[in-house]
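Here are a few exercises on an interface and the empty spaces around it. Have a go at each task before you read the solution.

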Amino acid sequence: MKEKVLLRNAHLPESHRIATYLSRGGYKNFKKALKEMDPAQITELVKEAGLRGRGGAGFPAGIKWSFVPKNSGKPIYLLCNADESEPGTFKDIVIMEKDPHLLLEGIAIAAYAIGVHTAFIYIRGEFHDGARILEEAIEEARRENWLGENILETGYSLDIWVHRGAGAYICGEEMALISSLEGQRGYPRVKPPFPAVSGFFGCPTIVNNVETLANVPFIIERGVDWYRTMGSERNYGPKLYCISGHVNNPGVFELALGEKTLKQLIEEEGKGVPNNKKVKAVFPGGSSAPVLTADEIDVRADFDAVQQAGSMLGSAGLIVMDETTDMVNVTLNLARFYAHESCGQCTPCRDGSLWLVKVLRRFIEGGGNKDDIDLMLEICDNIDGRTICPLGAALAWPIRSVLQKFRSEFEAKLRTDA
Amino acid sequence: MVDSGLDQKFIDGAEALIARYPYRSAALLPVLHLLQERYGSVADEHIKPIAQLVDVPPIRVREVITFYTMFYRPGRGRYVIQVCRTLSCSLLGADNLYDHLRKKLGVDNGETTADGRFTLMKVECLGACDIAPVMQINDKTYGELTEDKIDRILEECE
């Protein structure tokens, strides 16, 4: 990518202040949208740009917006998903802390397009600084009438509020997020109805990820043709990649979507594995994505190519494991995470995750039975697709993939008298 | 507001939060955060007045505080140390760092030191994997931890 887009202001001193943002042309796209465009035109533009959701599923944002029923008579809500709870993911926090007004402008344009007058940013509870910076940014924007009543005397009004979570991975799932925002436990709900029809307190609700919304001002400013010069077929625009684990240079890197392969990302951005070790395995899209072996990472890092390789780009959080990594330990670490974070509504996920933890502990303590590997695969099959929300799959996929691709490491830990 | 044990300043702050939402009940999490900032934890005697304030049955408040990990019951230390144990941190030695803290403080997961200074907790992903291994002490995140670095950080906690 020739220039930074989402991170174009991040290096500036006081980048989080409205004065800095305005000096960089900030809010002019919201002004253009309000004064020169009608809402349907904006949605159409976002559709044509092919902006796909950056939260994990890669669903086209403009199409999602168009699911809101016309004239339901109910208020419509926009919820910005800033829960960023997927292990290995730490990209949205960069936008929120370094360029909060970019997010607010993205929310404002989207809200105008959808017909929203109240939007919430659901930020994970652990992001104390991020929440404070956003609150201050909202206050700044309100003082200058970019938010609030009768914005720029157009008659359009919008409030944005920050809502802090309180430490629950599941609240990154959109229906759980809605339950949590209603003041309840973060319990996912059966879809349909989809939130665009019946979400926050039964009202039409759009849930979009931080990075998704941060793309919107640029689409208004520079148009569809420019947007589609970045990225690969059906995967357009700028993308933030997170790289962590066994790499020399962990961090957040902005590239065009699919500009590099997973392997190039690790070698060129992550600067390779420490101590000249080799890559053993990679979770390409947070820990919920099926694992890829070192032989499988020469694949374009976009939604479609990673899916064709048998995994998913997800939140673009690459977790890299070197050749010395004990994959049985990795599997226990994952199982324990999902067992802890299961909301407990669905038996297969609640109990299955705990069974996996128990069996894996037995392995690590040297008591693995020869049927245990197949038992764990069967548990995964019995969780996957049998739960209200995708947490079941998010736990079954990575664990099943490690069991299949690194079976010999589990066999090496079977009890010797088995 | 002697009855509820909640002072007027808190009630005013809570009402300002409640006004942001279409229903009072939606403000339960932010009101609990505010309560915890003011009073340090969510105590049993807070449950009923908070329930009344946001117009939900008391059981809803109990459901919520037992579901989310960031609401604390009374008895936690002045410094709550949360050590991330999820994958990226674990790959870079989080388990050893936790053991170091456990031995140094003489407490295990969820326990508080006898002097009331530290509560030690193993937690899941804190969303800062680029600086793994990480821990949070109260509101502050510390990354690229080593045993020495942890020792220096703890010395600054009074």
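Before starting, one convention: Ala, Val, Leu, Ile, Met, Phe, Trp, Tyr, Cys and Pro count as nonpolar, Asp, Glu, Lys and Arg as charged, and the others, Gly among them, as polar. Also keep in mind that this is a predicted model.

**Exercise 1. The largest cavity**

Task: work out which residues line the largest cavity and how they divide by class.

Solution. Start with the space itself, which comes to about 90 Å³. Next, list the lining: P188(A), S342(A), C343(A), G344(A), Q345(A), C346(A), C349(A), T387(A), I388(A), C389(A), L391(A) and G392(A). Now sort them by the convention above: seven are nonpolar, five are polar and none is charged. The cavity is one of three that reach 30 Å³ or more.

**Exercise 2. The second largest cavity**

Task: find which element gives the most to the lining of the second largest cavity.

Solution. The volume here is about 50 Å³. Around it sit R8(A), N9(A), Y21(A), G25(A), G26(A), N29(A), L102(A), E105(A), P217(A), F218(A) and E221(A). Map these onto the elements, and α6 (100–114) and α9 (210–227) of chain A turn up as those giving two or more residues. Of the elements, α9(A) gives the most, with three residues. Finish with the classes: four nonpolar, four polar and three charged residues make up this lining.

**Exercise 3. The interface**

Task: describe how chain A and chain B meet, beginning with the residues in contact and the area buried.

Solution. First, the contacts: 52 residues of chain A touch 36 residues of chain B. Second, the area: about 3700 Å² is buried between the two chains, with 60% of it from carbon and sulfur atoms. On the chain A side, H128(A), A166(A) and R185(A) lose the most area to chain B, together 17% of what that side buries.

Third, look for charge pairs. The rule finds three salt bridges across the interface. Among them is the one between R20(B) and E135(A), where the closest N and O atoms are 3.7 Å apart; that passes, because the cut-off is 4 Å. Polar contacts across the interface join 20 residue pairs, both residues at pLDDT 80 or more.

Fourth, ask which elements of chain A are involved. Those giving two or more residues to the side that touches chain B are β2 (118–123), α7 (128–143), β3 (159–164), α8 (174–181), β7 (238–245), β11 (317–322) and α12 (327–341). The largest share, seven residues, comes from α12(A). By class, this side of chain A has 25 nonpolar, 19 polar and eight charged residues.

**Exercise 4. A pocket with two chains in its lining**

Task: say which residues are closest to the centre of the second largest pocket, and which elements help to line it.

Solution. The pocket holds about 670 Å³ of space. Of its 24 lining residues, H128(A), R164(A), H33(B), E37(B) and D139(B) are the closest to the centre. H128(A) already came up in the last exercise, as one of the chain A residues that lose the most area to chain B. As for elements, α7 and β3 of chain A, together with α2 (28–39) and β1 (79–84) of chain B, each give two or more residues to the lining. The class split is nine nonpolar, seven polar and eight charged.

**Exercise 5. Chain B on its own**

Task: count the helices and strands of chain B and give their order.

Solution. Chain B has seven helices and four strands. Reading from the N terminus, the order is α-α-α-α-β-α-α-β-β-β-α. Its C-alpha atoms fill a box of roughly 50 × 35 × 25 Å along the principal axes.

Methods
Residues numbered from 1 in each chain as written. Chains lettered and ligands numbered in written order. Predicted model: local features only at pLDDT ≥ 70, side-chain atom pairs only at ≥ 80, totals over all residues. Heavy atoms only, no water. Contact = heavy atoms within 4.5 Å. Buried area = accessible area lost by both parts, 1.4 Å probe. Salt bridge = Lys/Arg side-chain N within 4 Å of Asp/Glu carboxyl O. Polar contact = N/O pair within 3.5 Å; in protein donor to acceptor, adjacent residues only side chain to side chain. 1 Å grid on protein atoms, 1.4 Å probe; cavity = no way out; pocket = protein on both sides within 12 Å on 5 of 7 lines; lining within 4 Å. Points joined across faces, edges and corners; volume = space filled by probe spheres on them.
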